[in-house]
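I opened my notebook for a first look at this protein. Here is what I looked up, in the order I went through it.

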Amino acid sequence: MDTRPEDARLPYYEDPSPGSGTLPARAWYATSDAARLSLDGPWAFRLSATAEGADTAFTQDGADTTDWQEVTVPGHWVLQGHGAPAYTNVRYPFPIDPPRVPTENPTGDHRRVFDLPERWPTDGEAVLRFDGVESCARVWLNGRELGTFQGSRLPHEFAVGDLLRREGNVLAVRVHQWSAGSYLEDQDMWWLPGIFRDVTLLHRPEQAAADFFVHAGYDHTTGQGTLRVDCVPGGRVTVPELGLDLPTGEERSLPVEPWTAETPRLYQAELATEGERIPLRVGFRTLTLEDGLFKANGRRVLFRGVNRHEFHPETGRALDLETMRRDILLMKQHNINAVRTSHYPPHPAFLDLCDELGLWVIDECDLETHGFCELEDWRGNPVADDRFTPALLDRARRMVERDKNHPSVVIWSLGNECGSGPGLGVMSAWIRERDPSRAVHYENDRAYPDSDFYSRMYASHAEVELIGRRAEEPLPDPRADARRRALPFILCEYAHAMGNGPGGLSDYQRLFETHERLQGGFVWEWIDHGLPKRTEDGKTYFAYGGDFGEELHDGNFVCDGLLFPDRTPSPGLVEYKKVIEPVHITGDPANGTVTLTNGHDFTDLSHLTFTWTYAIEGEHVAEGELKVPALAPGASAELALPEHPESDLSGEAVWTVRATLARTLPWAAEGHLVAWGQLPVPGTATPPERRRGTGALVAPARADEGIALGPGVFDPASGALTRLGGLAIDAPPRLDVWRAPTDNDLGAPWQSDARHGVRWQEIGLHRMRHRVDAVDADGASLTVRTRVAPAASDLGLLTDYRWTATEDELRLTVTVTPQGDWPCPLPRLGLLLGLPATFGQVTWFGGGPGEAYPDTRAASALGRYELPVDAMQTPYVRPQENGARADVRWAELRTDGGTGLRVTADPEPFWLTARRWTSGQLHAAEHTPDLVPGDTVWVTLDHAQHGIGSQSCGPGPLPQYHLNAAPARFSLAFSEVKGA
Ligand code: GAL
């Protein structure tokens with residue numbers, strides 16, 4: 001880029017260098033015996049439209065701030081009524097001209113007056129620490145400028161001892177939304193300026209620890225831990241539990257229990273210098289790269305991971321401790337063992353919690369320059385621009401120095417999506433030198449010169465399998481190829497959890513468990529970043545990109561998490577928990593056996609209790625405990641199931657074996673379900689003729705109302721069912737192939753593969769017409785021949801409905817024959833019917849309790865369930881197809897009075913969906929309040945559904961989950977349930 005005269009005198013916020021006046025980076029710790037004063041709370045606040053729009057008089061004593069507003073620190077001013085948040089994924093929301101930023105640069109002046117506590121010591125130094133300010137700050141204390149800094153999610157400290165006074169200290173901070181640093185912070189998330197992490201004044205006694213580095217290794221061959229704590233100035237380290245008392249800088253080895261994410265064993269310790277005592281928690285573990293694998297304490301680790309942005313719907317990236325803990329508890333309770341802190345170091349307290357509760361952490365630097373990919377060859381990319389190199393190094397240093405003492409942190413990641421450039425090499429070289437004990441990760445350079453992992457995002461199953469076999473496509477440079485081929489592999493992002501999905505998780509997991517090179521993956525992402533809003537009539541909902549008047553935005557792409565914004569687990573998280581469960585339960589009930597395999601990497605099964613239950617047609621019959629040997633990691637055992645319990649019930653029988661926590665652990669209570677498996681008992685499934693009625697078939701007959709057939713009445717002209725016994729049918733059952741496209745159906749604009757959700761609309765599957773060709777009543781049946789097809793196309797589905805009946809049951813066989821050359825799979829193939837709104841209660845025997853689709857059905861368990869229609873909906877932030885229940889054998893929809901419709905599988909199970917709006921209304925809705933219940937309960941009884949996949953960012957459904965347009969036949973039986 002050309003330089004211009006003004007570049008030589010850029011203001012600090014456009015200066016690409018890291019800043020001025022700050023202290024060297026050092027380890028973060030939550031407490032010590034040195035005094036500290038939190039400066040969090042209400043601050044006076046003034047917003048200006050430009051960086052230079054206001055004077056700096058506010059930095060002085062006695063400045064008049066009576067007309068200022070107030071904000072809470074930590075916080076983002078745009079979430080506190082000043083300005084607005086904005087969302088872009090890749091694109092910078094300002095012209096790309098690094099390091100320059102727009103003149104329109106929202107700037108928040110913050111001011112806080114504070115007194116020192118009574119007992120604030122008079123000796124030593126004092127340090128003012130900012131744990132996170134987005135994106136650039138200039139700081140004054142008592143009228144004196146301390147300096148400036150950039151690097152939003154990294155700590156910055158200033159020495160302030162000589163400026164402090166007992167009372168009336170004036171701390172003034174000017175924060176600019178845009179700075180040169182913004183070019184390094186193009187993560188896919190809301191742009192949220194502000195002082196969003198803690199501000200603290202720290203007393204630094206004479207001879208306090210300036211910095212320290214805990215080295216705690218574990219030799220799995222001897223069981224010995226080795227501890228050395230480096231500290232300036234020197235002091236002593238004590239670990240009472242181990243009887244250790246040694247000088248800093250010295251090493252001691254002795255038998256210990258190791259730290260792993262499964263066994264987060266921490267030893268309480270203390271570091272004492274002459275001036276300060278710091279409580280430490282030491283976890284002994286050693287990380288190695290050997291045999292082409294990443295190992296902890298000598299064993300390959302399988303990451304069952306998730307990418308976590310810091311997010312709270314009310315406070316954005318300002319997170320309280322409770323929320324951090326909640327995230328980790330939810331992760332642990334859902335069998336997640338690893339987290340990538342995408343794409344910046346989290347609040348440091350989060351890592352303390354990871355140490356304590358046990359998660360493997362990829363700590364990622366606050367760095368992404370993705371927006372440069374919009375320019376040819378990433379022109380101007382800061383990681384290839386010398387002017388930014390000091391800032392890159394500063395970021396790497398601040399992350400590593402801050403977080404180096406956490407056993408949970410096992411991998412340093414340079415950042416996300418910066419393409420390639422020498423700046424990354426500078427970062428990795430410094431990190432490797434400073435901390436050779438951990439691995440380094442970077443994904444976005446195909447040759448991986450700066451990474452100890454071959455890492456990909458959203459790679460297809462086929463590609464991952466090739467990599468698993470170390471048979472990937474070679475790189476052009478043989479040396480680079482050989483190096484990469486020797487690396488362990490992770491999917492640093494996969495399974496895009498946007499809306500309904502992600503699909504295909506089981507298929508990835510199978511690969512990870514087959515090929516040892518594949519060390520697992522990190523689902524994208526943990527939580528939907530939806531921000532609460534209210535409609536004019538007071539309904540609350542979650543908003544996304546474009547809802548705040550942004551000129552440039554990426555819509556609901558910001559809502560792609562396993563948790564809804566309010567932290568309710570989505571079906572995707574329930575599915576993930578099942579897919580990654582650390583105990584595999586399979587078996588051969590015909591032989592009376594169940595097989596248990598320990599999928600943990602480090603622990604045996606002694607923390608689990610195993611129980612069995614036996615159910616017939618979803619009715620509980622018996623239960624008991626299963627004695628399972630402790631089983632080493634990776635080991636299996638085949639155990640005998642008990643004798644079949646006696647029961648008067650008849651029908652489909654299933655064993656369910658569950659592994660639950662035998663005692664309360666810090667992350668879940670005794671009894672918490674960890675893993676389960678179901679074993680259907682062969683030969684017990686109810687034969688169709690017993691499931692439906694057994695009466696003799698009756699013939700159709702002309703009646704006043706139309707054609708009568710058993711309990712049914714049909715319109716003679718259209719062949720439509722209008723009544724079933726006493727039930728009025730609002731909309732007769734007829735073929736339905738449309739679903740409100742999911743985000744994964746629609747795919748991302750950059751996808752090269754077919755995007756079926758787009759195709760379906762082009763073809764017109766949402767506006768199919770039903771032409772009635774014939775209504776034939778013969779001696780045994782009523783047959784209605786139709787052709788179902790969209791306008792402007794010669795594609796069609798010849799659809800025949802053949803109705804037969806007994807006195808009290810209608811049976812329907814649907815035959816579908818596609819016509820024309822269908823260019824894509826169908827969304828669904830089934831029947832849609834409408835019942836009056838009063839039919840609001842659903843009972844079914846089939847898969848549940850939650851939704852399932854062909855490639856998201858691992859967590860669907862056979863059982864008998866009952867739910868109101870309203871509770872069968874999944875409230876995706878952008879409404880879309882949801883709520884199907886798999887493998888349904890029978891279902892009843894009833895009124896409060898108990899009157900209802902019973903649908904029976906004949907014999908193949910069906911997919912059941914019931915909702916108070918049509919697929920068309922679901923499709924048209926942009927936010928949840930757009931869905932307004934109508935007068936009809938719409939019930940879809942599907943013979944088949946198309947898979948879900950992950951194409952909102954990754955691959956679509958695997959071919960085996962495609963619902964191809966092909967001849968099909970399916971049958972169902974309908975009867976009336978009489979109320980009490
Ligand atoms: C990745 C990126 C993430 C996120 C994701 C899509 O490319 O690293 O930050 O944007 O795609 O949701």
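My entries below go from the overall build to the domains and then to the surface.

**Entry 1, the model.** I noted at the start that this is a predicted model.

**Entry 2, secondary structure.** I looked up the helices and strands and found twelve helices and 61 strands in the protein.

**Entry 3, overall dimensions.** I wanted to know how the radius of gyration sits against a compact globule. For 980 residues such a globule would come out near 30 Å, and the protein has 32 Å, so the two agree. I also boxed the C-alpha atoms along the principal axes and got roughly 105 × 65 × 60 Å.

**Entry 4, domains.** Where do the domains lie? I wrote down domain 1 at 7-204, domain 2 at 213-288, domain 3 at 301-577, domain 4 at 581-679 and domain 5 at 691-977. I then took up domain 1 and domain 2, whose centres, over C-alpha atoms, are separated by 35 Å. Their contact draws six residues from domain 1 and four residues from domain 2.

**Entry 5, contacts along the sequence.** I took the contacts between residues at least 6 apart in sequence, and 74% of them join residues at least 24 apart.

**Entry 6, burial and surface.** Of the 980 residues, I found 61% buried. The protein exposes about 36,100 Å², and carbon and sulfur atoms supply 49% of that area.

**Entry 7, charges.** How far apart are the mean positions of the positive and negative charges? I have 93 positive and 141 negative charges in the protein, and their mean positions are 1 Å apart.

Key: Residues numbered from 1 in each chain as written. Predicted model: local features only at pLDDT ≥ 70, side-chain atom pairs only at ≥ 80, totals over all residues. Heavy atoms only, no water. Helix = DSSP H or I, 4+ residues; strand = E, 2+ residues; numbered from the N terminus. Rg over C-alpha atoms; globule rule 2.2 N^0.38 Å. Buried < 20%, exposed > 50% of the residue type's maximum accessible area, 1.4 Å probe, protein only. Contact = heavy atoms within 4.5 Å. Areas by Shrake-Rupley, 256 points an atom, 1.4 Å probe, with all protein chains shown as cover. Lys, Arg positive; Asp, Glu negative; His and termini not counted. Charge placed at Lys NZ, Arg CZ, Asp CG, Glu CD. Domains from an automatic or database assignment.
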